[in-house]
Amino acid sequence: MKFLLCTLLASGLLGTASVSGAAAQPAGQGAEPAEPSIGEPVRAEQVMQILVEGNQRVEADTILSYLLIRPGDVADPRLVNLSIQTLWATNLFADVRIAQEAGTLIVYVRENPIINRVVIEGNRAINDSRITDEIQLQPRALFTRARVQADVQRILEVYRRSGRFAVQVNPQIVELPQNRVDLVFEISEGPTTGVRRINFVGNRAFADRRLRGEIVTTEARWWRFFSSNDNYDPDRLEFDREQLREFYADRGYADFRVSSAIAELTPDQSGFYITYTVDEGQIYNFGEITVTTEIPDLDSEYLERIVSTRPGSLYVGSRIEESIDTLTFAAGAAGYAFVDVRPRVRTNRESQTVDIEYVINPAPRVYIERIDIIGNSRTLDRVIRREMELVEGDAFNQVLINLSRSRVRRLGFFENVEIDPVQGSAPDRARVQVRVTEQPTGELAFGVGYSSTDAFLVDFSVSERNLRGRGQFLRFRVSSSSRRRQIDIRFTEPRFLDRNLAAGFDLFQIRSNFSREASFETESTGFSLRTGFPLTASVEAGLNYTLRNDEVRTFSGVSDAIRRAAGSRMTSLVGYSVAWNRIDDFRFPTRGFTMSMNQDVAGVGGDVRYVRTEARGAVYRNVFRRDIVLSLTGETGYVLGWGGDDVRINDRFFKGGNSFRGFETAGIGPRVVQRREDGTLIRGDALGGNFYAIGALELGFPLGLPEQYGIRGSVFTEFGTMGLLPSVDQITDTGGTTSPFTIDELAPRVSVGVSIFWDSPFGPVRFDFAEAVVYQDYDRREFFRFSTSTGF
């Protein structure tokens with residue numbers, strides 16, 4: 001309206017009036033806009049000079065640069081009007097007037113206020129930062145009413161996405177000196193608008209309850225206080241439509257479609273009723289499956305055999321995408337990085353089959369032009385590059401790209417690792433982009449253990465897995481409990497002498513007090529040297545040497561099995577290890593397996609002689625969903641003396657606690673006992689065992705809470721046995737009630753329990769609740785244990 005008035009005035013339709021314009025004034029809610037000012041008439045005569053009045057921040061030369069009239073020009077009303085419009089378009093001014101006095105053209109301006117601060121009031125459900133990230137007006141920005149109204153709509157949209165449709169936003173403007181204003185958004189949030197009911201119309205194959213379980217939106221219930229999916233969100237509604245389509249497509253319904261998805265708000269604005277109208281169609285099978293390619297290195301018959309879609313099988317939509325990924329991977333393995341695989345789908349309604357033709361468009365063989373590493377703010381480039389299986393100039397190979405991604409992830413330095421090829425400077429050139437997201441690699445950790453028999457443990461350690469960004473590992477650890485005190489320092493260089501050879505050392509002092517379990521205590525002081533090197537892409541080997549002094553102190557009244565170990569002896573030990581690792585993720589494995597074996601020989605110098613062998617294995621597989629993981633783990637060990645030496649008690653295996661949930665540390669295995677008058681046994685000293693075998697079956701799963709809470713659970717059962725004492729340590733049962741004797745039975749033990757994992761703000765926490773269901777009377781059991789650590 002103001003521009004129209006200016007145009008009419010300038011064109012002389014209302015006589016010799018001035019040309020002017022105005023913007024909204026800073027005012028409270030409901031204030032009326034200011035009326036245009038009327039100045040002196042602009043006459044079509046020569047302009048001798050141009051003056052600017054009213055400007056405070058904007059330079060006069062800047063204002064003059066927007067004018068279409070210069071000194072010496074004739075004051076054409078049309079040019080005056082265009083000049084006003086040009087000044088208005090800058091959004092710098094609340095009012096613009098142009099008047100003429102004799103040969104002088106005067107430009108009167110009133111600048112838009114500057115925003116001093118933006119204040120959010122009344123918001124409780126959504127914090128200030130989330131709102132200020134959405135709005136455009138910020139401190140020191142120019143104030144205009146149009147921008148205020150646009151930001152009001154943005155705030156309303158933020159609240160509607162969180163399920164609050166009754167929200168009201170009232171902007172208030174507080175005038176300040178020096179043409180400044182405070183902008184206040186007063187928010188009345190109103191109640192959360194939940195989803196009262198989700199209905200489906202047209203579904204025959206699947207019940208409403210089943211379909212509700214396939215979409216993200218849920219019906220509001222009082223127990224879902226941790227979830228926001230029961231709030232109405234229009235964007236989530238569109239996502240749910242796609243979820244329904246994928247659900248039906250994976251069950252043979254190739255023609256399925258959602259005809260409509262309607263959300264109706266109740267009159268009191270307290271809830272929504274959502275109704276999906278669906279058309280299921282018919283069930284289809286896969287028909288003819290073909291692969292067409294003009295790339296000579298790709299064999300169509302071979303490609304047809306590796307795709308997931310099979311003729312005659314039930315139509316599953318997701319298998320088409322899997323087949324495209326398989327074909328893309330096969331082409332990448334042959335060196336064709338940028339192939340375009342397009343499926344041609346033909347639906348035959350008469351035969352209820354779907355024919356698929358996968359067309360692989362021609363592409364040149366690709367070579368790697370450059371490898372770019374992005375996102376490593378701390379880790380050195382060479383630490384990442386040495387894990388890459390490809391270098392500049394190599395032929396592109398998708399298999400090696402995937403292997404490189406696994407190797408970089410295996411470092412454990414990054415939260416996320418993505419390796420993607422992008423087009424290079426020529427069609428046959430590619431740049432490989434390695435995008436990483438750094439994560440904390442230092443750890444300040446402490447653990448606490450508790451058992452019903454008053455076993456207590458405190459463990460403190462400071463470690464850094466990526467020292468100075470070079471990939472080096474350094475740890476200092478102090479551990480103390482009623483049975484054990486330990487101080488050790490460990491250092492590992494993963495690329496010793498710039499070769500694919502890891503090397504490191506350990507310094508340690510360990511005091512173990514088994515006075516309650518076995519009436520002896522030990523103190524070991526020494527060092528270890530370690531090396532590790534790969535044998536294949538997934539198999540690693542290692543060598544180690546340990547030299548330590550072991551001092552064993554026994555208490556009075558102990559059995560000969562313990563007393564003969566007393567004294568100080570030097571142990572010189574040489575060992576090796578082999579590990580085969582094929583899991584998909586080293587932190588949270590969901591598929592794959594690991595196997596390892598290590599063997600140590602004591603007697604290359606020193607005072608003791610034995611051979612210790614241990615083996616471990618684990619299999620992981622996700623069931624039903626990727627985040628539900630079933631694992632089977634097992635370990636076994638055997639130690640045997642040689643050269644006329646028997647294995648002393650401090651060199652045997654002791655199991656329980658973290659190694660066998662449901663039992664205390666040293667809670668299972670051979671033990672000295674004594675029989676009471678009533679025939680029951682009195683538990684005495686644990687003697688350890690020369691052999692053990694322990695397995696565990698565990699199912700890990702989410703607990704249904706939002707992912708950001710980081711809470712998961714698992715159910716498990718552990719089973720195993722331990723025994724085989726040397727004959728010299730066996731005490732025969734004479735049948736009396738005063739003479740102690742030993743029990744050495746390879747009897748089975750079984751425990752069941754649940755674990756809760758919480759990725760808390762101060763570090764991961766684990767709670768274990770275990771109950772021993774198969775045990776011996778002389779075993780020591782425990783029910784609860786927890787531990788925690790924090791990263792830095």
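Visitor: Over the ring of which residue does the charged end of Lys 655 sit?
Guide: Welcome! Keep in mind as we go that this is a predicted model. The charged end of Lys 655 lies 4.3 Å from the centre of a ring, and that ring belongs to Tyr 692.

Visitor: Which residue lies over the face of Tyr 775?
Guide: Here is another charge placed over a ring. The distance to the ring centre of Tyr 775 is 4.0 Å, and the residue lying there is Arg 781.

Visitor: Let's turn to pairs of rings. How many aromatic pairs does a search of the whole structure find?
Guide: Rings of Phe, Tyr and Trp pair if their centres lie within 6.5 Å. Searching the whole structure in this way gives a total of 16.

Visitor: What kind of pair do Phe 206 and Tyr 253 make?
Guide: Their ring centres are 6.3 Å apart, which is within the 6.5 Å needed for a pair. Planes over 60 degrees apart count as edge-to-face. The planes here stand at 70 degrees, so the pair is edge-to-face.

Visitor: How many residues apart in the chain are Phe 206 and Tyr 253?
Guide: Phe 206 is in the loop between strand E8 and helix H6, while Tyr 253 is in the loop between helix H7 and strand E9. The pair links distant parts of the chain, and the separation is 47 residues.

Visitor: Is Tyr 253 buried or exposed?
Guide: Buried means under 20% relative accessible area. Its partner Phe 206, at 15%, counts as buried. Tyr 253 has 9% relative accessibility, so this residue too is buried.

Visitor: What kind of pair do Phe 491 and Phe 505 make?
Guide: The centres of these two rings are 5.9 Å apart. Planes under 30 degrees apart would be stacked and those over 60 edge-to-face. The angle for Phe 491 and Phe 505 is 35 degrees, so the pair is tilted.

Visitor: Which strands does that pair tie together?
Guide: The two residues are 14 apart in sequence. Phe 505, which is partly exposed at 33% relative accessibility, lies in strand E21, and Phe 491 lies in the other strand, so the pair ties together E21 and E20.

Visitor: Which element gives the largest share of the largest nonpolar core?
Guide: In soluble globular proteins, nonpolar side chains tend to be buried together. The largest core here has 23 residues, with Val 339, Tyr 358 and Ile 360 making the most contacts inside it. Strand E11, helix H9 and strand E13 each give two or more residues. The largest share, five residues, comes from H9.

Visitor: Which strands are at the edges of the open sheet with the order E11-E13-E12?
Guide: This sheet has three strands and mixed pairing. An edge strand pairs on one side only, and that is true of E11 and E12.

Visitor: In the sheet, which residue of E13 stands opposite Arg 346?
Guide: E12 and E13 run antiparallel and are joined by eight bridges. H9 packs on this sheet, touching E11, E12 and E13. The residue of E13 opposite Arg 346 is Asp 355.

Visitor: Which residue in the turn between E6 and E7 has a positive phi?
Guide: Strands E6 and E7 pair in the antiparallel sense over nine bridges, and in E7 the bridge partner of Gln 172 is Val 184. The two strands form a hairpin with three residues between them. The turn residue with a positive phi, about 60 degrees, is Gln 178.

Key. Residues numbered from 1 in each chain as written. Predicted model: local features only at pLDDT ≥ 70, side-chain atom pairs only at ≥ 80, totals over all residues. Heavy atoms only, no water. Phe/Tyr/Trp six-rings, centres within 6.5 Å; stacked < 30°, edge-to-face > 60°. Helix = DSSP H or I, 4+ residues; strand = E, 2+ residues; numbered from the N terminus. Buried < 20%, exposed > 50% of the residue type's maximum accessible area, 1.4 Å probe, protein only. Lys NZ or Arg CZ within 6 Å of the ring centre and 35° of its normal. Core = buried A, V, L, I, M, F, W, Y, C linked by side-chain atoms within 4.5 Å. Pairing = 2+ DSSP bridges. Contact = heavy atoms within 4.5 Å. Axes fitted to C-alpha atoms, helices over the stretch in contact; angles between N-to-C directions.
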